[in-house]
Structure formats: C-alpha cells, structure tokens
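User: I would like to learn how to read side-chain features from a set of coordinates. Could we take them one kind at a time, with the general idea ahead of the case?

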Amino acid sequence: MEKLPLVALISGRGSNLKAIIDTPNPLFEIRAVISNRYHAKGLAHAKQADIATEIIDHDLFNSRLEFDHALKNCINQYQAKLVILAGFMRILSPDFVNYYQGRLLNIHPSLLPAFKGLNTHKRALEAGVKEHGASVHFVTADLDAGPIIIQARVAVLADDNEASLSQRVLKQEHRIYPQSIQWFAQNRLRLEGQYAVLDDKPLIFNNTD
Ligand code: GRF
C-alpha cells in the first residue's frame, strides 16, 4: 500500500514531530518539515531522519495572506495528502484552513474546549482543575475549536507545577498524535461536518467550556 504523503509544520522544539518520525510501522511518509523560524530545534530531528526541510520566515511577508500563500505553495510541491501542525505558532487564515479542510490536523495541550490558546498548563493550574490533558483535532477556521479526534487525560497532582504537568501531558501527546495520523493513513478517519468520524462512527466528546 502506498504510504500517506504528509507535510509537518513546526515552529519550535519539535518533540511531537520526533514522536511521529519514530512511529513504529508508519503508514505515512513525512515528505517535508516546514518551519516559520530558522532556529526551530525540531528541524534537527527532520535532518537526522533525512526528511526535506524548508524555512518560510513569516517576517519576510507583508501580510498573513501572503505568508499563507507561500506556505500553501510550498506544501503543495510535496503533494501532501495530510498537513499536520506540530507546535506551529502561527494563526492560519480561513482561506488556508478551508483549502486543506479535512486534511489538516493539530495537537493542543488541553482538554478542549477548555483552555484554547496559549499557556494552557499555567491556566489549568490557576483554575485548579483536577484533570488536564491534550487533544488532537481537525483544524477549522475557529482557533482550537475544530472537531476533536482523540484526547488524553492526566490527573493534576497537588504538587504539580507548569513543568511537571506539561511533561506528563507531552508524554501523552507523543502517543495520541501518531495514533491519529495512523488512523488517517488507514483511511479510518475523516471529517464530516461538525464531527471527526472514525470507522464510520462520529467521535463525540462531552466536554464543556
Ligand atoms: C505542544 O505542547 C503542542 O501541543 C502545542 O505546541 C507544543 C509543541 O511542542 N501545539 P513540540 O514542538 O512538539 O515539542
């Protein structure tokens, strides 16, 4: 079977990218890793695995639309059937998101819809929640609000700080992101309206804001 061609977008450390690169028996092929930052540490993981790397520096563009256009051209050169955001710290325009609808995934370090946006671990600790975690979702034009595919839960411990909590969540991220990508590569996962559908069943998450 032909492996699913995918492109990953990163901005920083790239630990999720590394976990995806290290997936046992991958049903996908990472054709390229694109970073909007020259110094993204994650680029080293790609190079080590002989994956093509590209830098598209957002500072060189006059507008978000121009940057997104360049990004799209670059992705499309690699004939990607799936685009994954792995710590990509730019908001993408609705045009871009709609163009890749149903084949654009993101991982977010919270139990969505709780704690959309940045500093999720700090905010979870401040809010005193008992459970925290991570979510993989299809990307839609609403930030961090696309249909959820899988979540991993971790208990918040009495002596947790941002570092300890984020470390436990990250460990789960490294499990659920490769899992979601494998499902997509097996043609078991798709976006249908407001839901992610796995094996023909809508995935329903009863979390509240
Ligand atoms: C992760 O916490 C991910 O959930 C969020 O950005 C962080 C990226 O970490 N979207 P890394 O670059 O994969 O190590």
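Analyst: Let us begin with the salt bridge, which is defined as a side-chain nitrogen of Lys or Arg within 4 Å of a carboxyl oxygen of Asp or Glu. Please keep in mind throughout that this is a predicted model. By that criterion E131 forms a salt bridge with R153, and the closest N and O atoms of the pair are 2.8 Å apart. The pair links distant parts of the chain, since E131 belongs to strand β6 (residues 131-138) and R153 to strand β7 (residues 148-155), with their positions 22 residues apart in the sequence.

User: Are E131 and R153 buried, partly exposed or exposed?

Analyst: Both fall in the intermediate class, for E131 is partly exposed with a relative accessible area of 39%, and R153 counts as partly exposed at 42%.

User: How many salt bridges does the structure hold, and which residue pairs with K122?

Analyst: Side chains of opposite charge can pair when their charged atoms come close. The structure holds 8 salt bridges, and one of them joins K122 to E126, with the closest N and O atoms 3.3 Å apart. These two residues lie in helix α5 (residues 120-127), and because they are 4 residues apart there, about one helical turn separates them. E126 counts as exposed, at 57% relative accessibility, whereas K122 is partly exposed at 38%.

User: Which residues are linked with R190 in a network of salt bridges?

Analyst: The network links R190, E192 and D200. Within it, R190 forms a salt bridge with D200, the closest N and O atoms being 3.1 Å apart. That pair also links distant parts of the chain, with R190 in strand β8 and D200 in the loop between β9 and β10 (201-202), 10 residues apart. As for accessibility, R190 is partly exposed at 34%, while D200 counts as exposed at 60%.

User: How should I read aromatic pairs, and how many are found in the whole structure?

Analyst: One looks at the distance between ring centres and at the angle between ring planes, where planes under 30 degrees apart count as stacked, over 60 as edge-to-face and the rest as tilted. A search of the whole structure finds 3 aromatic pairs. The rings of F96 and Y100 have centres 4.9 Å apart and planes at 50 degrees, so this pair is tilted. Y99 and Y100, by contrast, form an edge-to-face pair, at 4.7 Å centre to centre and with 80 degrees between the planes. Ring pairs thereby link F96, Y99 and Y100 into a cluster.

User: Where do the members of that cluster stand in terms of burial, and which charged residue lies over the face of Y99?

Analyst: F96 and Y100 are buried, and the relative accessible area of Y100 is 0%. Y99 is partly exposed at 37%, and K72 lies over the face of its ring, at 4.1 Å from the ring centre. A further case involves R90, which lies over the face of F67 at 5.7 Å from the ring centre.

User: Which residues form a nonpolar patch on the surface, and is N36 buried or exposed?

Analyst: The patch is formed by Y38, I55 and L60, which together have about 320 Å² of accessible area. L60 is found in the loop between β3 (52-55) and α3 (64-77), and at 62% relative accessibility L60 counts as exposed. N36 also has its place in a loop, the one between β2 (28-35) and α2 (42-48), yet N36 counts as buried at 2% relative accessibility. The side chain of N36 makes a polar contact with the side chain of S11, at 2.7 Å.

Conventions: Residues numbered from 1 in each chain as written. Predicted model: local features only at pLDDT ≥ 70, side-chain atom pairs only at ≥ 80, totals over all residues. Heavy atoms only, no water. Phe/Tyr/Trp six-rings, centres within 6.5 Å; stacked < 30°, edge-to-face > 60°. Buried < 20%, exposed > 50% of the residue type's maximum accessible area, 1.4 Å probe, protein only. Lys NZ or Arg CZ within 6 Å of the ring centre and 35° of its normal. Patch = residues over 30% accessible without salt bridge, like charges linked within 9 Å, V, L, I, M, F, W, Y side chains within 5 Å. Areas by Shrake-Rupley, 256 points an atom, 1.4 Å probe, with all protein chains shown as cover. Polar contact = N/O pair within 3.5 Å; in protein donor to acceptor, adjacent residues only side chain to side chain.
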